[in-house]
Amino acid sequence: MARIQPGLERIAALLRGVEFPWRSIHVAGTNGKGSICHYASSMLVGKTVSVGKFTSPHLVDRWDCITIDGKRITEAKFNIVERHYQTVNERGNIGASPFEILTATAFTIFNDRKVKIGVVEVGMGGRLDCTNILNNQAVSVISKIARDHQGFLGNTLSEIASHKAGILRPGVPYVISRTNEIAVQTVIKDYAHEIGAGECLSFTSPEMQKLSELARWQRVADRLMPFQIENLQVAVLATMQALKELDGEKKPKVTGEKDQPARGVDPVKPRDIAKILLLNAKTQMPGRQEMLHLTPVFRNAGERKNHVLVDGAHNPDAAVALDCVVQEKLRLGESPTRGRPESGWPVTWVLAMTEGKDAKQFLTTLLRPGDNVVTTTFGPVAGMPWVKPMDPIELLEIAKKAVPGITGMYVPEVGALRAVCTAKYLSNQMAIWAPIVVTGSLYLVGDLHRELRPRADKRWWIDDDPATAADRESILQIHGEERERVKLFLSPDSDAGKLQAELDAVHREAEKLKIEEEALSAAERLELEDQRFAALYVTPEQLADHLARAEQAKEALARNLQAAAELKQKRAIEATKKRERMEKRIERLERKRVKRDIEKKRQEEKRRGIPTGTLAPLKITKFNTKRKTDDAESKRPFRVRTVHTDTPRPRGSD
């Protein structure tokens with residue numbers, strides 16, 4: 001298949017005769033496109049509007065990039081539609097690229113599922129991107145524009161902006177992110193005026209003013225960084241406009257019938273938008289400023305200290321946004337203050353980048369002297385065979401030149417989890433705070449998610465399933481290899497050539513590694529080896545501080561367990577008392593019922609002229625007033641029943 005080929009001829013041939021009955025929110029730009037699409041889709045799902053979302057590239061599986069009503073489509077559905085367009089491509093000798101086939105697949109699935117609005121992210125550029133085949137825009141959106149894909153879009157921001165502006169349509173309103181430079185906004189607005197596009201939606205409209213005054217909006221905004229708030233406001237403007245367009249539409253004309261107003265959707269109100277945003281505030285977009293619990297890497301992955309920040313940033317402008325997050329959450333801001341250096345906590349970075357990216361400027365923005373760097377690579381990208389990773393040795397050299405004073409090493413093997421293990425041992429795990437960040441490529445982040453998926457269960461370390469046990473052993477072997485790699489790297493008498501030779505020897509002898517503590521569980525062995533390793537590279541003060549914190553944690557755990565046991569005992573006593581009260585109440589009610597039955601029988605005897613007392617009196621018999629733990633029959637609920645002392649018979653009969 002062909003690689004990237006700008007142009008609309010091939011997508012037009014694939015989708016010949018296909019119409020798009022849904023309305024679209026079409027999003028172009030360099031940074032923030034995915035977040036804007038995520039926010040817009042979430043708001044539409046909250047408004048119970050049937051919505052499809054198409055973003056690229058995928059994170060884990062190729063069908064991840066297509067969702068319907070917030071849920072990704074099934075692999076089976078994806079394969080059926082994709083195979084159809086692969087066949088169309090082959091029979092027509094169209095020469096479509098994998099992304100063009102993916103785009104045709106997404107739009108057809110939107111048609112099949114009868115969505116009302118499709119949120120569509122541009123793949124690259126705008127004017128010649130295959131998503132620009134759309135003719136159903138409700139609103140066009142242009143996010144932050146930066147230098148990227150210069151070989152296709154041009155070397156200046158104005159040239160790139162001209163390509164992005166190509167998604168605008170005559171009469172269709174549009175939104176421009178205010179983070180763009182004035183010159184960039186001018187290029188877009190001039191093109192909009194030239195083609196007669198609709199109005200440029202204002203961030204100071206009455207609806208947006210009302211929204212910004214709501215307490216719910218403030219609670220959402222307080223959780224976000226400034227660039228995230230801007231992306232959210234762009235998404236709100238676009239969503240409001242799309243809902244207005246949808247509400248004002250008319251049903252298609254049917255032969256013999258007049259046009260009738262469509263049922264549409266309820267008018268959009270700022271307070272509704274704020275409510276939906278607050279409900280979805282905790283919905284994390286995978287791969288963007290995401291905090292992950294890496295269970296296979298850390299024995300106690302749930303502890304805040306062991307959370308790993310993961311972000312798919314891959315260009316200098318995205319690095320600026322990521323740096324804001326790192327400064328706020330990891331270096332300074334929300335990080336622990338005790339023992340924190342004035343310049344902030346050092347960060348250990350796990351990096352991989354795509355060939356052709358501006359690695360030097362990207363790394364200059366993120367790294368600080370004293371940081372640690374582990375460079376690695378990512379695996380083949382499904383559907384995009386032309387995407388190649390940068391050599392990790394080359395990337396490490398760029399990092400060292402960009403920011404002198406860092407400590408760096410590379411991992412030659414493919415494997416995001418392996419690289420994070422290396423970062424774990426390269427960082428000071430005995431410190432109160434030792435943050436790790438995985439970034440540089442969304443493909444690296446996708447590899448990490450893919451490796452974590454079968455190991456996400458919190459019980460992974462103790463699961464006795466044979467396959468899981470074998471997987472644990474393989475992960476422990478990786479831990480052992482990376483401990484040795486870091487140990488050799490930190491050895492003071494190792495020069496570069498000797499180090500590499502010893503590292504190669506580690507790989508050759510990896511299969512011969514034996515674990516001495518056979519009787520311990522996998523988690524206990526990992527914890528023991530980590531402690532042994534850390535003890536080699538920390539000061540006595542750091543070790544004493546770590547042991548003191550560990551002792552405090554054990555004491556806190558013991559107190560929590562004791563409190564839990566006391567609470568359990570208290571609840572058991574309360575349950576027993578409640579049961580006794582219930583039994584007494586049931587007995588009282590049963591006595592009242594028996595009395596009512598006796599009175600009813602007497603009334604019946606009197607009515608029928610039968611002498612009083614013809615029917616034998618009733619008595620109450622109780623069963624199961626006390627439960628026996630060893631008798632299953634006796635564990636039935638408490639019962640009360642009434643029985644006659646004798647059978648009813650006329651008085652005086654023999």
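# Salt bridges, burial and backbone in a predicted model

User: How exposed is R368, as a relative accessible area?

Analyst: This is a predicted model. R368 falls between the cut-offs of 20% and 50%, so R368 counts as partly exposed, with a relative accessible area of 26%.

User: Which residue forms a salt bridge with R368?

Analyst: The closest N and O atoms of the pair are 3.1 Å apart. That lies within the 4 Å limit, so the pair counts as a salt bridge. The partner of R368 is D323.

User: How many residues apart are D323 and R368?

Analyst: D323 sits in helix α12, residues 316–331. R368 sits in the loop between α13 (359–366) and β11 (372–375). The pair therefore links distant parts of the chain, and the separation is 45 residues.

User: Is D323 buried or exposed?

Analyst: The relative accessible area of D323 is 13%. The cut-off for burial is under 20%, so D323 is buried.

User: Which residue forms a salt bridge with D371?

Analyst: The closest N and O atoms here are 2.5 Å apart. D371 lies in the loop between α13 and β11, and its partner is in helix α12, 40 residues apart. Both residues of the pair are buried. The partner is R331.

User: By what distance are the closest N and O atoms of E604 and R607 apart, and what separates the two residues along helix α20?

Analyst: E604 forms a salt bridge with R607, at 2.7 Å. Helix α20 covers residues 540–608, and the two residues are three apart in it. They are therefore separated by about one helical turn.

User: Which counts as exposed, E604 or R607?

Analyst: E604 has 32% relative accessibility, so it counts as partly exposed. R607 has 62%, which is over the 50% cut-off. The exposed residue is R607.

User: Which residues do salt bridges with shared partners join into one network?

Analyst: The salt bridge count comes to 26. Some salt bridges share partners, and such sharing links residues into one network. The members are E413, R418, E481, E482 and R485.

User: Which residues gather in a patch of positive charge on the surface?

Analyst: One of them, K584, is placed in helix α20. K584 has 55% relative accessibility, so K584 counts as exposed. The patch consists of K584, R585, R588, K592, K595, R596, K600 and K601.

User: Which residues does T103 touch, leaving aside those up to four places away in sequence?

Analyst: T103 is found in helix α4, residues 98–112. Its relative accessibility is 0%, so T103 counts as buried. The residues it touches are I11, F54, C130 and T131.

User: How far apart in space are S143 and I36, C-alpha to C-alpha?

Analyst: S143 lies in the loop between β6 (137–142) and α5 (150–153). At 0% relative accessibility, S143 counts as buried. S143 touches several residues, among them K33, I36, S177 and N180. S143 and I36 are 107 residues apart in sequence, and in space their distance is 8.1 Å.

User: Which residues does a cis peptide bond join?

Analyst: Most peptide bonds are trans. Here omega is about -5 degrees for a cis bond. P57, one partner, is found in the loop between β2 (51–54) and β3 (66–68). The joined residues are S56 and P57.

User: What is the phi of K114?

Analyst: Most residues other than glycine have a negative phi. K114 lies in the loop between α4 and β5 (117–121). With a relative accessible area of 67%, K114 is exposed. Its phi is positive, near 55 degrees.

User: What is the phi of Q289?

Analyst: Q289 is placed in the loop between α11 (270–279) and β8 (290–292). Q289 is buried, with a relative accessible area of 18%. Q289 is not a glycine, yet its phi is positive, at about 45 degrees.

User: What share of the 654 residues in the protein is buried?

Analyst: The protein has 20 helices and 15 strands. About 34,500 Å² is exposed, and carbon and sulfur atoms supply 52% of that area. The buried share of the residues is 48%.

User: Of the contacts with a separation of 6 or more, what share comes from residues 24 or more positions apart?

Analyst: The pair S143 and I36 is 107 residues apart in sequence, and S143 touches I36. Across the protein, residues 24 or more positions apart account for a share of those contacts equal to 74%.

Terms used: Residues are numbered from 1 along each chain as its sequence is written. This is a predicted model: local features need pLDDT of at least 70, side-chain atom pairs count only at pLDDT 80 or more; totals for chains, interfaces and linings use all residues. Side-chain values use heavy atoms; hydrogens and water are left out. A salt bridge is a side-chain nitrogen of Lys or Arg within 4 Å of a carboxyl oxygen of Asp or Glu. Helices (H or I, at least four residues) and strands (E, at least two) are DSSP runs, numbered from the N terminus. Buried means under 20% relative accessible area, exposed over 50%, partly exposed in between (1.4 Å probe, protein chains only). Patches are made of residues with over 30% relative accessible area and no salt bridge: like charges are joined within 9 Å, nonpolar side chains (Val, Leu, Ile, Met, Phe, Trp, Tyr) within 5 Å. Accessible areas come from the Shrake-Rupley method with a 1.4 Å probe; for residues, only the protein chains shown count as cover. Lys and Arg count as positive and Asp and Glu as negative; His and the chain ends are not counted. The place of a charge is taken as NZ of Lys, CZ of Arg, CG of Asp or CD of Glu. Contact means heavy atoms within 4.5 Å.
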